[in-house]
Structure formats: C-alpha cells, structure tokens
Amino acid sequence: MGTLTPAVKENTGRIKNNRSSDTVMEYVMYAIAVVFLVILMYPLYFIVIASFSDPSAVAGGQVWLFPKGFTLDGYKELLKHQNIWIGYRNTILYTAVGTIIGLAVNISAAYALSRKDLAGRKFLSLFFIFTMFFNGGLIPTFLTIRDLHMYDTFLVMVLPFSVGVYNIIVARTFFQTSIPGDLWEAAQIDGCGNLRYFALVVLPLSKAIIAVLGLWIAVGHWNSYFNALIYLKNPDLHPLQLILRNILITNQMQSGMGTGEAAQIALRLANMMRYSVIIVATVPIMCVYPFVQKYFNQGVMIGAVKE
Amino acid sequence: MRSAGASPGRTFGSIKRNWGLYLLLLPAVVLTILFAYTPMYGILIAFKDYSPALGITGSPWAGFKYFEKFFNSYQFSNTIKNTLIISLYSMITFPIPIMLALMVNQMRPNRFRRFFQTVSYMPHFISTVVMVGLMMILLSPSTGLVGNLYGLFGKEAPDLMGSAGLFSSVYVWSDVWQHVGWDSIIFIAALSAVDPSLYEAATVDGASRWHKIRYIDIPMLMPTAVTLLILRVGGLLGVGFEKVYLMQNDLNATSSEILSTYVYKIGLLSSQYSFSSAVNLFNTVINFILLIIVNQISKKMSENSLW
C-alpha cells in the first residue's frame, strides 16, 4: 500500500486531484477514530476515577475528569468482604486447572485431526462439528451431569465443557499449515512413534498456538458465570463472577440480608464497593491482554483461514 | 499420502499403525460423547412425562403434549417475538465491524493504529456480569453517567435499564460497544491478505482511496462476511442467555423474556423438565433449519457455504 514514488503520483492532474480528496478523507477518518476512542474509553476511565471518589460526589454528577473527594473506602470495604476472596480463590483454581485440561484435550485432538493419514478423519471432524450446531439443550445436559454425580463439584467447572470445537478447528488449521509433513516422515524412518513425535517435535514447534488457545480458554474460565449458576449450589465453590452478580446486579450482600437499618447499611456499602469491585475483577485480565494481544490476533487470523 | 478407507484391510492397518493418534483423540471423543451426545438422547424427555424416579427410559410417553402446551401458551408469541426482535436488530449492526476494519486498514501502520486497535479490543474481555453491572451503573438515570449528562442540560434522563420499549436497543448497542473491535479483527485479517499490487495498479489508474475501498477492499471481504452472516442466521433464535438474563428486571420483563431465559426458568427454576426441553428442542430445530436454508441459498448465489 502506498509504495508508489511521489514522482509518479504527481504525474497527472487527475491523480493530484484524488490526492486532495484523499487528504480530506484522511482527516475525516482520523476524527471519527478519535471520537470512537473516546466513546470506548471514557466509560472505563469513569469507573476508575469513580472508584477513588466520594460516592456522593459521583452520584451528584461532580466526577467528570478527575476523582473528587479522593477516598479508598470502596477498596477498604472490598478487603473486608470475605465472599470476594473465596470467589477469587475459586476462579483462580478453575482457571488454572480448566486451562490445563482444555489445552491438553483440544491440542492433542486437533493434532490428530490435522494428520492426513488418519483413517476416518472426515467422520471424526464431523463428529465434533455437529455438536456446534445441535445439542441436547439445557435440561438434558443438566440431567446428564447430575446422573454422573458431577453436580455441585469442583470437576463440573473444569471438565464437561472443556472440548471447544472452534478451538480444535483453529489448532488443526495451525498444525496443517505450519508443521511440515516431511518432518513426520523423517521421524518415522528413525523409528519414532506418533506419541513421541507429538511430544518431542510437534509441541515445541507449536508455542504460538498453545499461547493463543491457552489465553482464550483462560479468559473464558475467568469470565464464566453460566455454568456456575446452573451447576453449583455450595457457596464455597462459587467463582468470582457469581459473587460479582450478587454485588453488582441483584444488589444483595450475602451476609447482610435483612430488613430495616441493617439492609440500608448493606445497600450503602454495596453501592460503595461497586466501582472498586469492577476494577478488582477486571484488572487482572486487562493487565495480561496488551502483552499477548499479538497472539490473540494471530489466533483469529488462523481461524479465518478456510480449509 | 493415500486416502483412508480405500479398503477395510488397509483402513485397519492404518488404524493399527497410527494407534497413537487415536489415543490423542480419545479424551476429546469421550468427553464429547459424555457431555454432548448423551444429552441428545435426553431430548426424548420432551416427548415424555418425565419423572426423575422413573428415569428417561421408564417415563411414559406424552407425544407432542408439551409442544402443544407451548404453542398454546401466552408465552409462545411473546418469547418468540422478543427473541426475533433482538436477533434481527443485532443483524442490522453486522456491517459495523466491517466498516471499522476498512477504517483501520486505511490507517498508516504506526503507534496510533496499534493504540486504536488495542483499545477497541479491550471491552471484549470484560465479563458479561461486569458488563451488565457497568451498564446499570452508567445508565442509571439518578446517579449514572447518562443521568449526569442529561443533568448538564437540565433534562430528565430516561430509565434505560428499566424500560421495556428500550430493552432491545440497550442490549444491541451495548453489545456493539463491547465487541465491535474484536469482531473487526477477522476482517482486518482478511484485508491484510490483499495483494499490494492491486492497490498500486489502482493508483496508476487514478483511483482514489474511496474507489479502492469500494472496488478492492469490499469485494475482498465478501467471502468472510457471508460465512459469518450464515452462522449468525443459524443462531437467529439463539440469543445469548447470559446477558439478557442479567439485564432482566420487573420493569422490562415484557420485552426481555426470550426463549433461552424462558427455558431456564420453567426448566431449572420450576422443574418442568419435559416442558422446558420441548421449548428448547423447538428452538434448536428452527435454528438448524434456518442454518441449512441460508447455507443452501448462499451456495446457489455466491458459492460460499459452510459445507
């Protein structure tokens, strides 16, 4: 793009004419881009400054560009809230274990499916892809999980939904395009079996795709809420997102439910914590993501390649 | 490289030789059978009077009783109407990520472009719970950002979260805000595959930026766009449960009850397993039919299809 030399560009009047309209278009475009950035960023920025501001100043519409009545009360309140820390611990556990399981299951299946000499390859691909478009639905799935005695267990958060068909397709495409088939033939001649080849040759060459899928899966676990809502009853197993819902949306404090004054105080504390709780729950993901952004892009691009 | 399944003997030999690959596939296959195919068997309960004591096989047949019950209930037209409104409304926003990608593609590859992309992806990583929490805080007419904005002009803000008439708009546009950047990645990837010589040739022919977008970029994006559109239509009745459920309240109830929230409520909250499964199955089957129809149409018209 734009590799022409200026001399060529200025050769004819027509092109020159287009250049000036192009410049106008460029200004308009960058103006739109800046407006767009403000619309995207300001709400997030507002939450940050509101979390350091006096709640009544926020409610009174005095907080616009900088915190007003600087206070850390919201964060202090948060520290006292035990449920959040239980939720944090659980979410970290689910994310760590769930990501390891998810990676192991999806990467190895994707590699096998990427091999052209796999008998039944078409059928096996279809076997997975079909589940993307057709499933048993909420209640039959719920009954299955209950019959397997997984309801209200740690396992239900990390195992049943670990097969991600989209992830498998993305990883399969990666293996097909970036691991040369000759490599396997050479290894075979040296007497190397499939499993050893996978562990010692394929995996070390696949760091990019492992990073991409690992991050996708980890973000999914960190933000997951639906499965916990349906399959977990025991509050000690609740992940962060479920606790957040109580604070942010249903506005109930697990401990301080009641009527009259106690409820009033609980409500006020909850309101105070709302901004800080958003920050505390979102910052870990936001911190990781700029560093790994290029991998995210890469993953989507691999996924965009048609077979 | 020979095609698998040429003859039974050869297939068997190939399986034996590549047993390691099947071992790699095993976990994913087992998990898919357990948690995706087993529940499909459970769909039977939509045609039965399911009682937990008798189990799926033991429960007596009910025929289409629960489907009729759903078709005759007052919730039938309401949930379908709401679901369709929200998903058709979302469809309208489909070109927005494409426009964003075209814009990003016009930017010179520099720090501003990188910054712009980083910021535009960011909201995608906010969890649904936090997102709805954010909306409740920011859109509140009394204390939120929107309320304060209206206050600046001395006007009273509308109650965006508590209005049945505005529910679909709030849902759809907040989704655009959160995901537009992320959704544009795939189109940016497709644009990066354009052969630079096309642009050079166009410049020599006197094409303006606008011409290049119109006659090079947009045609390049069509295959990707059509594929994604087909998938969208296939999920027309599958509006996500999580966000709608979290956004629901008494004030917007008439327009926020959609098929998936209805399935959840009658199924898990009031334990009408068979009825809920019937509604769910109806939903899935319609989606599946839509997917096949749209895919067929697209195959005829543009040679773009999923299979």
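Here are some notes on this predicted model, going from the fold of chain A to helix 7 and then to the rings and cysteines.

1. **Chain A overall.** If you go looking for strands in chain A, you'll find 0 of them, against 14 helices. Read from the N terminus, the elements are α all the way along. Half the chain is tucked away, in the sense that 50% of its 307 residues count as buried.

2. **Contacts and surface.** Take the contacts in chain A with a separation of 6 or more: 68% of them join residues 24 or more positions apart. As for the outside, chain A has an accessible surface of about 15,000 Å², and carbon and sulfur atoms make up 66% of that.

3. **Helix 7 of chain A.** This one is worth pulling up on screen. It covers residues 138-147, and 8 of its 10 residues are buried, so the rest of the structure largely encloses it. Which residues of helix 7 are the buried ones? They run Leu138(A), Ile139(A), Pro140(A), Thr141(A), Phe142(A), Leu143(A), Thr144(A) and Ile145(A).

4. **What packs around helix 7.** Within chain A, the buried residues of helix 7 pack against helix 12 (226-231). Chain B joins in too, with helix 2 (19-41), helix 15 (259-269) and helix 16 (273-302). After helix 7 comes His149(A), and its phi is positive, near 60°.

5. **Aromatic rings.** Over all chains, the search turns up 46 aromatic pairs. One cluster to look at is in chain B, where Tyr66(B), Phe70(B), Phe71(B), Phe76(B), Tyr262(B), Phe275(B) and Phe282(B) come together.

6. **Charges over rings.** Two spots in chain B deserve a glance. Lys48(B) places its charged end over the ring of Trp61(B), at 4.4 Å from the ring centre. Arg214(B) does likewise with the ring of Tyr215(B), where the charged end is 5.0 Å from the centre.

7. **Cysteines.** How many disulfides are there over all chains? The count is 0, going by a cut-off of 2.5 Å between cysteine sulfur atoms. Two cysteines of chain A can be placed by their accessibility. Cys192(A) has a relative accessibility of 13%, so it counts as buried, because the limit for buried is under 20%. Cys287(A), with a relative accessible area of 45%, is partly exposed.

Note on methods:
Residues numbered from 1 in each chain as written. Chains lettered and ligands numbered in written order. Predicted model: local features only at pLDDT ≥ 70, side-chain atom pairs only at ≥ 80, totals over all residues. Heavy atoms only, no water. Buried < 20%, exposed > 50% of the residue type's maximum accessible area, 1.4 Å probe, protein only. Helix = DSSP H or I, 4+ residues; strand = E, 2+ residues; numbered from the N terminus. Contact = heavy atoms within 4.5 Å. Areas by Shrake-Rupley, 256 points an atom, 1.4 Å probe, with all protein chains shown as cover. Phe/Tyr/Trp six-rings, centres within 6.5 Å; stacked < 30°, edge-to-face > 60°. Lys NZ or Arg CZ within 6 Å of the ring centre and 35° of its normal.
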